[in-house]
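Grab a pencil and have the viewer open. Below are a few exercises, each with a solution worked out in steps.

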Amino acid sequence: MTLLRPTMTQIAAVVDSERPVCAFLHDLDALRRHVLRIVGSLPAEAELFYAIKANNDPRILRMLAPHVAGFEVASSGEILRVREATGPDVRIIMGGPARTNDDIELILAQGVERLHVESLHMLRLANAVAAQAGTVLPILLRVNLAGPVPGATLTMGGAATQFGIAQSDIPDALRLMKNCRALRFEGFHFHTVSNNRDAAGHAALCAMELDLARSWATEHGLDLAVVNLGGGWGVDYDDPDWRFDVEGFTRALAPHAAGDLNLQFECGRILTAYHAVYVCEILDIKAVHGRAFALLRGGTHHFRLPSSWAHNHPFVILPRDAWPHPWPRPECTDSNLTLAGELCTPKDVLARDVPVARARVGDLVCFLMAGAYGWDISHHDFLCHAHPESIYVDEAVA
Ligand SMILES: *Cc1c(COP(=O)(O)O)cnc(C)c1O
C-alpha cells in the first residue's frame, strides 16, 4: 500500500528552480507495483482494463500496457492516444454514450476489440457501418439498471442518466440484435457507480448484475461470453491511506463468477489516483473579510478535481526556509486557511478553511492523490497561465 508523499528535498531535487514551483510529480514504479498487486488479487478468469479517461498520459499508458488486459476508451481521440502511446497490438475496448459514423469506422480501422452499445439507435448505426465495411463487430449491451443503487459518489446507472440502455428496453435491444448481422453479441456491460468505497456492497451489486446478464441470455437463447462490470472501485480523499478492499471484493464475488464467462473490469480512479501529487508554491497570503487566503502558482485550471467534487483536497504544506526579499515574509499560523489558485474567479479554490499550523509565502502545498481525474479534467488554457511541469520520479527519488 503506497501513496506518493514526497519530501521537500525530493521535490527540490526535481523541479525547475528558476521559477515558482508548479508541477505534477508521478511515481511510475510505485504505480506499477500498485497495479500489479490489484491485478494479482483478481481471479484468473477476470481481466482488468484501465479506463484511460482517469489519466491518459502516454508515459502512464506505456507503463501500464504490459500489466493490464488493455485499455477502455470512450472517444476516437482516446483510441488514437492509446495507439500512439502503446502501438497497434494493445487491446482496446470502447464505451461512451454518443457515437458517430466516424467513431465506428475508426473502431474498425484501429482494431478495437469490442464496442459497448448504449442505445438502440447506436446498435443500428454500428450495424450499418460494420455491414458497409463488410465486417462483424463484437459488442456488449450497456445496461442502465432500473433500481436505485446506494452508496457511491457518482451514479451512472439505476437512475435517470444518459448512460446505457434502460433495463426495461433490454429485451427490445436483444430482439433487434438478432437482425444485426454485422454485429456479434457477446454479453452485457454495467458501469453503474463510481467511487464506491463499500467493497462488499460493490460485490453484491456486481453479483446481481451477473445474475441479470445470465437470466437475459438464457431467456433469449444467447451465448454469454463476456460480462463487463465497469470500474468504480473507490478511493477516499478524506483519508489518503484508506484502500478499497480488492481481496474482499474478489472473495465476495467469487461464488458468482464461476464458469467460462470472461469477467471484465475497467477501472480508472483506483489505479492512478495515488501515485501522483500536484505541488504548488504559495505566491501570496492575505486576509479578506476575515478569511485567510493562500494564493497558489496553479489552481483548478490544472487540478479541477476538488472543485468538481466540491471537497477540500488532501494536502500537506512543505516549508521552505529561503526568503529572498528584504520585507517581512507573509504567513498564517494556527488558523484556517483557504487555498486559492491564480485564476480570476472565486471558484478557483482547492481547499477551504482548513486548519494549518503554519503556511508562508514560498512554502509548497503538495496535493496528494492527484493522479486520476486531475489534469485530465481541467480547463488548462483558461486565463493562459503557464502549464505545470510534469515530472516522473522513480523509486530512488520518491
Ligand atoms: C469513467 C468510467 C470508468 C472508470 O471509472 P472509475 O470510477 O474511474 O473506475 C469505467 N467505465 C466507464 C464506462 C466509465 O465511464
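**Exercise 1: charge over a ring**

Over the face of which residue does Arg59 lie, and at what distance from the ring centre?

*Solution.* Keep in mind that this is a predicted model. Step one: go to Arg59 and look for the ring, which belongs to Tyr392. Step two: take the distance to the ring centre, 4.0 Å. Step three: look for another case, and you get Arg243, with its charged end 3.5 Å from the centre of the Tyr274 ring.

**Exercise 2: classify a ring pair**

Work out whether the rings of Phe24 and Tyr278 are stacked or edge-to-face.

*Solution.* A search of the whole structure turns up 16 aromatic pairs. For Phe24 and Tyr278, start with the ring centres, which are 4.6 Å apart. Ring centres have to lie within 6.5 Å to pair, and planes under 30 degrees apart count as stacked. The planes here are at 25°, so the pair is stacked.

Next, place both partners in the chain. Phe24 is in strand E1 (residues 22-27) and Tyr278 in strand E13 (residues 276-288), so the link spans 254 residues. Now check burial: Phe24 has 3% relative accessibility and counts as buried, and Tyr278, at 0%, counts as buried too. Finally, widen the view: the two belong to one aromatic cluster with Phe303, Phe315, Phe367 and Trp375.

**Exercise 3: follow the salt bridges**

Find which parts of the chain the salt bridge between Glu186 and Arg114 ties together.

*Solution.* There are 18 salt bridges in the structure. In this one, the side chains of Glu186 and Arg114 meet at 2.5 Å, N to O. Glu186 sits in strand E9 (residues 183-189) and Arg114 in strand E5 (residues 114-117), so the bridge joins parts 72 residues apart in sequence. Both Glu186 and Arg114 are buried. Then trace the wider network of salt bridges, which links Glu47, Arg91, Glu113, Arg114, Arg184 and Glu186.

Now try Glu118, which bridges to Arg142 with the closest N and O atoms 2.8 Å apart. Glu118 is in the loop between E5 and helix H6 (120-132), while Arg142 is in strand E6 (residues 137-144), so parts 24 residues apart get tied together. Glu118 and Arg142 are buried as well.

**Exercise 4: the whole chain**

How does the radius of gyration of the chain sit against the value for a compact globule?

*Solution.* With 398 residues, a compact globule would come out near 21 Å; the chain has 23 Å, which agrees. For burial, 57% of the 398 residues count as buried. To finish, tally the elements: 11 helices and 19 strands.

Methods:
Residues numbered from 1 in each chain as written. Predicted model: local features only at pLDDT ≥ 70, side-chain atom pairs only at ≥ 80, totals over all residues. Heavy atoms only, no water. Phe/Tyr/Trp six-rings, centres within 6.5 Å; stacked < 30°, edge-to-face > 60°. Helix = DSSP H or I, 4+ residues; strand = E, 2+ residues; numbered from the N terminus. Buried < 20%, exposed > 50% of the residue type's maximum accessible area, 1.4 Å probe, protein only. Lys NZ or Arg CZ within 6 Å of the ring centre and 35° of its normal. Rg over C-alpha atoms; globule rule 2.2 N^0.38 Å. Salt bridge = Lys/Arg side-chain N within 4 Å of Asp/Glu carboxyl O.
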